[in-house]
Amino acid sequence: MHTHQTVDFVRSKHDKWLKFNHFQSTIMEALEMLNDLVDESDPDTDLPNIVHAFQTAERIRQDHPDKEWFQLCGLIHDLGKVMAFYGEPQWCVVGDTFPVGCKPGQSVVFGDDSFKDNVDLKDERYNTKTGMYTAGCGMENVLMSWGHDEYMYHVILNHMKKTGTKIPEAGLWSVRFHSCYPWHTGNDYKFLESEKDKEILDWVLEFNKYDLYTKSADVPDIEKLKPYYQSLIDKYLPGLIDF
C-alpha cells in the first residue's frame, strides 16, 4: 500500500489530476457515481459511499444547523474517490493519508514494514524526521500522500476560483485532512505544525466525529434530502465541476 507513495509519485498525480480535465459533472451527479463504489479500506461499512455522504451531512446538520458550508463538506468529503472510476487503484484513492518527503510516523497504518520497498526511505533528502521540510512549516505546506482527500480539496479550490464562491477554510481543512489519522489521531508529525495548525486540528477533529461515527446500517432517505442539499450546492459549488 505504501510502497509507491513517494514524493515523485505524488507529484506525478498532481500533474495528472490537477489539470481537472478528466470529466465534468454536477456535485449531485458525482455523488450518484459513488453508488457503485464500496471503499475496500473501510472496515466499518459495506454501504455505498453515497449513503455515508448523506449520513455524515445529516449528523453535522443536527449539531451545526447554522453552518451550511460544514454540512456541505460532510456531503462531499469523499467525492475524490471518483478517481477509482478512472483507472486509479484503490490504494492511492482511499485509506489513511500522511505527509510524504519525511520519515513516516509510527502510527501510519501497517507500520514500517509497509514502507520497506519505498525508495524515499533510501533517499537522504526524505528519510530523516524532517526530510524536505523545516520544523514548524505548517501542515498546509506539506506534500500529502495521494488520495481522495487531497484531490477533492484541489477540485473545490479550482471551482471556487472559477465561480467566485467561498467555503470557509475550516471546511476546506476538513476535506483535506479528514483521513490524516497519523496526525489528527496518532499525534505524529507534530514537529511540522505551525501556530495555525491548532485551529486546523480542532476543525478536523470536529468533522471526524461525524465522519467516523455515522457509518451504520441506518440509511437516510436520500431522495427526500436531495432538495435541501441541492440548495447548498447551488450556493457554494454551483454548476458543472471540473474533475
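Let us start at Phe20, which counts as buried because its relative accessibility is 15% (buried means under 20% relative accessible area, exposed over 50%, and partly exposed in between, with a 1.4 Å probe and protein chains only). Phe20 sits in the loop between helix 1 and strand 1 (24-25); helices (H or I, at least four residues) and strands (E, at least two) are DSSP runs, numbered from the N terminus. Phe20 is not a glycine, and yet its phi is positive, at about 55°. Most residues other than glycine have a negative phi.

Before going on, a word about the model: it is predicted, with local features needing pLDDT of at least 70 and side-chain atom pairs counting only at pLDDT 80 or more, while totals for chains, interfaces and linings use all residues. Residues are numbered from 1 along each chain as its sequence is written, and side-chain values use heavy atoms, leaving out hydrogens and water.

Helix 1 is also the home of Lys13. With 11% relative accessibility, Lys13 counts as buried. Leaving aside residues up to four places away in sequence, Lys13 touches Leu18, Glu88 and Trp146, where contact means heavy atoms within 4.5 Å.

Now turn to helix 5, residues 148-163. Its 16 residues, at 1.5 Å a residue, should span 22 Å, and the end C-alpha atoms are indeed 22 Å apart, so the two agree (the expected span is 1.5 Å times one less than the number of residues). Among the buried residues of helix 5 are His148, Tyr151, Met152, Val155, Ile156 and Met160. What do the buried residues of helix 5 pack against? Their partners are helix 1 (7-17), helix 2 (27-33), helix 4 (68-76), helix 6 (169-177) and strand 2 (241-242). Just after helix 5 comes Gly164, with a positive phi of about 80°.

Two of those partners, helix 4 and helix 6, also pack with each other, at an angle of about 15° and with their axes 9 Å apart. Helix 4 is therefore roughly parallel to helix 6. Here axes are lines fitted to C-alpha atoms, for helices over the stretch in contact, and angles run from 0 to 180 degrees between N-to-C directions; under 35 degrees counts as roughly parallel, over 145 as roughly antiparallel, 65 to 115 as roughly perpendicular and the rest as oblique. Trp69, Phe70 and Cys73 of helix 4 meet Ala170, Gly171, Ser174 and Val175 of helix 6. The residues of this contact comprise five nonpolar, two polar and no charged (Ala, Val, Leu, Ile, Met, Phe, Trp, Tyr, Cys and Pro count as nonpolar, Asp, Glu, Lys and Arg as charged, and the others, Gly among them, as polar).

Helix 4 has another neighbour to visit: helix 8 (residues 197-212), packed at an angle of about 60° with the axes 11 Å apart. That angle makes helix 4 oblique to helix 8. On the helix 4 side the contact uses Trp69, Phe70, Cys73 and Gly74, and on the helix 8 side Trp203, Glu206, Phe207 and Tyr210. These residues divide into six nonpolar, one polar and one charged.

Our last stops are in loops. Pro104 lies between helix 4 and helix 5 and counts as buried, at 10% relative accessibility. Pro104 touches Phe115, Leu121 and Tyr189, not counting residues up to four places away in sequence. Asn187, in the loop between helix 7 (181-184) and helix 8, has a positive phi near 60° although it is not a glycine.
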